[in-house]
Amino acid sequence: MNIYSFLADGDQQNNQYYVLNSTNKLPKQRTNDTSESTLGDSYLRSCALKSAQQGNYTEAIATLSKLISRHPHNAVDYNNRGLIYFQSGERQKALYDYNTALKHNPYLASAYNNRANYYAACGELAVALADYDQAINLNPRHVRAWINRGITWRDLGQYEEAIENFEVALLFGQLEGHIWAERGRTYHLWGDWNCAIADYRRALTQLPSLGNSKDITGCRLRLQLENWLNELLYESAS
């Protein structure tokens with residue numbers, strides 16, 4: 001199983017793995033008062049996101065921890081911190097934050113998706129499927145959960161179910177590069193090499209070029225996809 005294929009996200013459907021949403025607007029600052037205590041929550045979330053994108057996970061976690069100390073019942077902040085813990089390899093802390101997020105908001109579909117990614121990465125695929133199901137039940141347009149559930153079905157060798165999930169995901173017009181790559185991999189493993197090659201080539205037109213710091217997940221998938229395609233072309237020529 002490849003854990004990097006699974007797509008994490010925040011509590012809204014977007015193309016980032018992290019959500020920035022707050023009911024608090026950035027307050028006006030007095031010219032002689034620049035203390036950290038005057039910074040709005042949305043600004044701190046922006047700082048955490050920037051730190052995470054730059055790989056400064058310790059700083060990002062510290063910023064989110066500060067937000068959590070301000071708002072200890074905010075499920076979104078726990079979910080976001082869990083994402084960064086997971087990215088930095090601290091899986092147990094990520095699980096704790098996902099569970100805490102769901103304790104405060106049991107209807108947060110993204111937290112179910114993210115917790116499912118944790119379970120899938122740990123090889124607990126049946127538990128992961130249950131969480132993906134819950135995410136989709138709460139938000140039927142949750143594209144990432146559809147993709148992730150398809151990947152999990154594929155890892156279980158249930159290729160037909162996997163293809164069905166990817167085809168539903170394509171209906172929403174988001175993340176097509178990821179979907180074609182994962183559907184192509186499914187066809188590849190299933191033995192339909194023509195469909196696999198076609199999907200791989202479609203995906204390459206959509207995924208970011210290597211070294212794109214704004215879409216690390218997409219870059220990883222592109223590198224993986226190129227390996228899959230080379231593997232398949234080598235097998236075809238043998």
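Start with Arg-149: leaving aside residues up to four places away in sequence, this arginine touches Leu-129, Tyr-132, Asp-133, Ile-136 and Asn-165. Arg-149 belongs to helix H7, in a predicted model whose chain comes to 11 helices and 0 strands. Below is a quick tour, going from that arginine to the cores, helix H5, and a few spots in the loops and at the end of the chain.

**Arg-149 and its ring**

- Is Arg-149 buried or exposed? Arg-149 has a relative accessibility of 14%, which is under the 20% cut-off, so this residue counts as buried despite its charged end.
- That charged end has an aromatic partner: it sits over the ring of Trp-146, 4.8 Å from the ring's centre.

**The chain as a whole**

- Read from start to end, the pattern is simply α-α-α-α-α-α-α-α-α-α-α.
- The chain has 238 residues, and 47% of them count as buried.
- If you take contacts between residues at least 6 apart in sequence, 54% of them join residues at least 24 apart.
- The accessible surface adds up to about 11700 Å², with 49% of that belonging to carbon and sulfur atoms.

**The nonpolar cores**

- As a rule of thumb, nonpolar side chains in soluble globular proteins tend to be buried together.
- Here the largest nonpolar core holds 47 residues, and Val-143 and Ile-147 are the ones with the most contacts inside it.
- Which elements give two or more residues to this core? They are helix H1 (41-53), helix H2 (57-70), helix H3 (75-87), helix H4 (91-104), helix H5 (109-121), helix H6 (125-138), helix H7 (143-155) and helix H8 (159-170).
- H5 supplies the largest share of the core, with 8 residues.
- There's also a second, separate core of 14 residues, and its members include Trp-180, Ala-181, Tyr-187 and Tyr-200.
- Back at Ile-147, the residues it touches are Leu-7, Phe-166, Ala-169, Leu-175, His-178, Ile-179 and Glu-182, again not counting residues up to four places away in sequence.

**Helix H5 and its tyrosines**

- H5 runs for 13 residues and spans 19 Å from its first C-alpha to its last, close to the 18 Å you'd expect at 1.5 Å a residue.
- How enclosed is H5, and why? 13 of its 13 residues are buried, so the rest of the structure largely encloses this helix.
- Gly-123, just after H5, takes a positive phi of about 85°.
- The count of aromatic pairs comes to 3. One pair to look at is Tyr-118 with Tyr-119: the ring centres are 5.3 Å apart and the planes meet at 65°, so this pair is edge-to-face.
- Both partners are tucked away: Tyr-118 is buried at a relative accessible area of 5%, and Tyr-119 is buried at 14%.

**Leu-175, between H8 and H9**

- Leu-175 lies in the loop between H8 and helix H9 (176-190).
- Its backbone is worth a look, with a positive phi of about 55° although Leu-175 is not a glycine.
- Leu-175 counts as buried, at 14% relative accessibility, and it is one of the residues touched by Ile-147.

**Ser-209, between H10 and H11**

- Where is Ser-209? It sits in the loop between helix H10 (193-204) and helix H11 (216-237).
- Ser-209 is partly exposed, with a relative accessible area of 47%.
- Beyond residues up to four places away in sequence, Ser-209 touches Cys-219 and Arg-222.
- Ser-209 and Arg-220 are 11 residues apart in sequence, and their C-alpha atoms are 9.8 Å apart in space.

**Glu-235, in H11**

- Glu-235 is part of helix H11 and counts as partly exposed, at 30% relative accessibility.
- What does Glu-235 touch, not counting residues up to four places away in sequence? Its contacts are His-188 and Trp-193.
- Trp-193 is 42 residues from Glu-235 along the chain, yet 9.6 Å separates their C-alpha atoms.

Terms used:
Residues are numbered from 1 along each chain as its sequence is written. This is a predicted model: local features need pLDDT of at least 70, side-chain atom pairs count only at pLDDT 80 or more; totals for chains, interfaces and linings use all residues. Side-chain values use heavy atoms; hydrogens and water are left out. Rings of Phe, Tyr and Trp (its six-membered ring) pair if their centres lie within 6.5 Å; planes under 30 degrees apart count as stacked, over 60 as edge-to-face and the rest as tilted. Buried means under 20% relative accessible area, exposed over 50%, partly exposed in between (1.4 Å probe, protein chains only). A charge sits over a ring if NZ of Lys or CZ of Arg is within 6 Å of the ring centre and within 35 degrees of the ring normal. A nonpolar core is a set of buried Ala, Val, Leu, Ile, Met, Phe, Trp, Tyr and Cys residues joined through side-chain atoms within 4.5 Å. Helices (H or I, at least four residues) and strands (E, at least two) are DSSP runs, numbered from the N terminus. Contact means heavy atoms within 4.5 Å. The expected span of a helix is 1.5 Å times one less than its number of residues. Accessible areas come from the Shrake-Rupley method with a 1.4 Å probe; for residues, only the protein chains shown count as cover.
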